[in-house]
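Dear colleague,

Please find below the structure that I am handing over to you. My findings follow it, arranged by topic.

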Amino acid sequence: MNPLDYGNRILSGKIPAGEYVRLSVARHFEDLKRDWEYYFDEEAGLRPIKFFGVLRHWRGEFYGRRFIPEPWQAWVLYVFYGWKRKSNGKRRFKYLYIEVPRKNGKTTFMAACTLYHMLKDDENAPEVYYAATKERQARLCLDEARKIAQQTPEVYKRLVIRKYEIEYPERNGVARSLGSDSDKQDGLNPSMAILDEVHAHKDFGMFEKLNNAFGARAQPTLMMITTAGQNRSLPCYEYRNMCVEILHGNKKMESILPMIYSLDEEDDWKSEDSWKKVNPSWEILNKDEFYDSANSAVNFVHKEREFKNWRLNIWTDVNEVWMKREEWMACAVEPYSDADLAGLRCWAGADFAETKDLCALALNFKLRNGKTYAKFYFWIPMKKVREKEDVVDYDVWANQRYIRVIPGDAIDHQALAGEVLEILHRYNVEGMTYDKYGIGEATIQVMINDGYPVKKLHPIKQGTTFFQGPIVALEERIGLGEFEHDGSPVMEWNIRNTEVFYDSYGGKKFIKSKAANKIDGSVALVMSIAEEQGSPSLDVGNVYFV
């Protein structure tokens with residue numbers, strides 16, 4: 001299949017694919033329309049595909065056959081190698097991140113990529129490293145490349161195949177395995193690195209070591225390939241999150257090509273349609289083995305996690321996500337104007353806990369038809385925008401006026417208070433619930449000093465006791481079609497980060513799995529519902545709901 005046919009069939013739905021694959025494919029076609037610093041060289045994109053056709057398989061039912069890339073593999077090669085920089089003709093992409101279930105030929109694919117790099121990528125003294133947490137694991141990919149080379153006469157005659165390395169004398173090239181437990185990790189000058197099963201890396205030390213060693217290379221390549229893991233606290237999941245934000249357009253990193261094969265939230269993991277959707281090499285998989293694994297997972301609970309993880313690429317330690325993205329975005333409407341909202345009863349919720357991070361204000365309006373309409377405001381300090389440490393690019397949203405940037409290294413509570421007061425005075429706000437910690441109390445004090453009524457301000461603690469009622473009320477309104485919101489992409493990102501914690505009594509509150517996963521907007525929204533309900537404050541002092 002021509003790679004363009006694959007891309008078009010993904011977008012048309014003729015080939016079933018998850019959201020992230022569709023977004024990755026759409027990114028290519030959208031980039032083709034842009035007048036910018038990159039261009040697409042189709043001949044360069046097709047070159048590795050043709051090279052793969054020279055290679056021969058060395059085992060199983062495909063023994064001796066030419067290696068014809070699966071359509072998804074051809075697409076990855078086409079896009080990764082085809083995009084170039086107008087300034088110097090070098091490749092646009094430096095990093096490739098592939099997440100795909102086991103048995104889809106990922107090790108063979110990576111091995112073939114390295115042979116192409118050594119022989120056909122015009123790299124002087126190519127130096128390739130297969131890296132993993134253990135050198136023994138890294139050797140699996142090296143061994144695959146060795147066996148393919150030995151089986152392919154056109155390749156074998158140009159290489160020297162040794163037990164623990166491959167040499168390319170004509171260009172002084174070499175390929176070796178490297179593990180975190182390897183004795184020699186210094187003096188590297190890689191032109192290409194393969195990071196295998198990235199989900200198992202407890203840190204990104206190997207990634208950083210290889211990435212930092214690329215300095216002398218004109219167009220280095222770092223390919224990462226993995227199945228989903230079982231521990232989201234490890235760095236792979238954070239890198240994956242960054243890739244997801246790139247695909248959503250919230251993070252601008254033109255040097256990364258992500259290809260994440262995953263199910264969508266509404267998919268039934270027990271359905272064969274779902275199995276085909278997430279396994280791009282479905283046509284050549286061992287179906288008997290797959291069906292046996294699936295039957296075991298359906299019938300035996302202890303087998304379910306393994307099947308989801310290895311066969312369906314599901315991160316099996318995922319906490320309960322509060323709401324599906326599709327469900328949230330189904331509530332989005334064209335934003336109401338100030339004239340539409342004038343005079344409507346309104347309640348506010350604010351999460352101003354962090355001085356150097358995101359701050360959020362949610363306004364909850366009671367529409368004339370009885371529905372709830374939520375409007376969101378966000379603030380971020382300039383330093384956070386400038387440093388680009390989070391998985392999103394705040395400046396994109398700032399330019400679109402979805403977020404306000406406050407000058408300086410931290411949120412100026414006086415400046416924040418001034419902007420919040422201006423918003424509250426614009427509408428018929430009956431009161432505001434807020435988190436008193438961080439700059440919350442300081443911001444509130446400025447508001448009081450500027451004349452905002454104390455009786456309208458209510459501190460609350462973010463515990464299950466006080467979040468349970470508002471969360472349930474919000475869920476009911478959404479379920480009944482009685483909730484609408486302004487479609488803020490910042491809030492949509494917050495929703496995707498929001499998870500639920502349950503206490504031993506069944507009470508619940510919002511949590512996040514990592515510091516970079518902001519949920520301030522979700523917290524502010526629930527606080528606005530709490531304000532509407534008049535839930536009692538836990539805080540000390542004389543400020544209580546009335």
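In this predicted model, helix α17 covers residues 413-426, which makes 14 residues. From its first C-alpha to its last, α17 reaches 20 Å, close to the 20 Å expected at 1.5 Å a residue.

Which residues of α17 are buried? They are Leu 416, Ala 417, Val 420, Leu 421, Ile 423 and Leu 424. Viewed down the axis of α17, these buried residues fall within an arc of 165°, so they line one face of the helix. The general background is that an α-helix has 3.6 residues a turn, so residues three or four places apart point the same way. On the face of α17 turned away from the buried side are the exposed residues Gln 414 and His 425.

The buried residues of α17 pack against several elements: the strands β11 (346-351), β12 (359-366), β13 (372-381), β14 (404-406) and β15 (429-434), together with helix α18 (440-449). At the start of α17, Asp 412 places a side-chain oxygen within 2.9 Å of the backbone nitrogen of Gln 414.

One of the strands against which α17 packs, β12, contains Phe 365. Phe 365 counts as buried, at 0% relative accessibility. Leaving aside residues up to four places away in sequence, Phe 365 touches Leu 341, Leu 344, Arg 345, Cys 346, Lys 371, Thr 372, Tyr 373, Lys 375 and Tyr 427. Of these partners, Tyr 427 lies 62 residues from Phe 365 along the chain, and their C-alpha atoms are separated by 9.4 Å.

Arg 345, a contact of Phe 365, also forms a salt bridge with Glu 430, in which the closest N and O atoms are 2.6 Å apart. Arg 345 lies in the loop between α14 (338-341) and β11, whereas Glu 430 belongs to strand β15, so the pair ties together parts that are 85 residues apart in sequence. Arg 345 is partly exposed, with a relative accessible area of 45%, and Glu 430 is likewise partly exposed, at 32%.

How many salt bridges does the structure hold? The total is 41. As general background, side chains of opposite charge can pair when their charged atoms come close.

Another of these salt bridges joins the side chains of Glu 499 and Arg 232, at 2.6 Å from N to O. This pair links distant parts of the chain, 267 residues apart: Glu 499 is in strand β18 (residues 499-502), and Arg 232 is in the loop between β9 (221-226) and α9 (235-248). Glu 499 counts as buried at 3% relative accessibility, and Arg 232 counts as buried at 7%.

Glu 165 and Arg 162 form a further salt bridge, with 3.7 Å between the closest N and O atoms. Here Glu 165 is buried, with a relative accessible area of 15%, while Arg 162 is partly exposed at 40%. In addition, a network of salt bridges links Glu 19, Glu 245, Arg 325, Glu 492 and Arg 496.

I turn next to a polar residue, Asn 313, which is placed in the loop between α12 (301-312) and α13 (325-329). Is Asn 313 buried or exposed? Asn 313 is buried, with a relative accessible area of 2%. A polar atom of its side chain lies 3.4 Å from the backbone oxygen of Glu 99. Glu 99 is also among the residues that Asn 313 touches, not counting those up to four places away in sequence; the others are Val 100, Pro 101, Thr 226, Thr 227, Ala 228, Tyr 261, Val 278 and Lys 308.

The last topic is the cysteines. The structure holds zero disulfides. Why is Cys 141 not bonded to Cys 113? The closest cysteine sulfur to that of Cys 141 is the one in Cys 113, and at 9.0 Å this sulfur is too far for a bond; the cut-off for a disulfide is 2.5 Å. Cys 243 is also in no disulfide, since the nearest cysteine sulfur, that of Cys 236, is 8.8 Å away. Both residues count as buried, Cys 141 at 2% relative accessibility and Cys 243 at 0%.

With kind regards

How values were computed:
Residues numbered from 1 in each chain as written. Predicted model: local features only at pLDDT ≥ 70, side-chain atom pairs only at ≥ 80, totals over all residues. Heavy atoms only, no water. Buried < 20%, exposed > 50% of the residue type's maximum accessible area, 1.4 Å probe, protein only. Helix = DSSP H or I, 4+ residues; strand = E, 2+ residues; numbered from the N terminus. Expected span 1.5 Å × (residues − 1). Arc of directions from axis to C-beta. Contact = heavy atoms within 4.5 Å. Polar contact = N/O pair within 3.5 Å; in protein donor to acceptor, adjacent residues only side chain to side chain. Salt bridge = Lys/Arg side-chain N within 4 Å of Asp/Glu carboxyl O.
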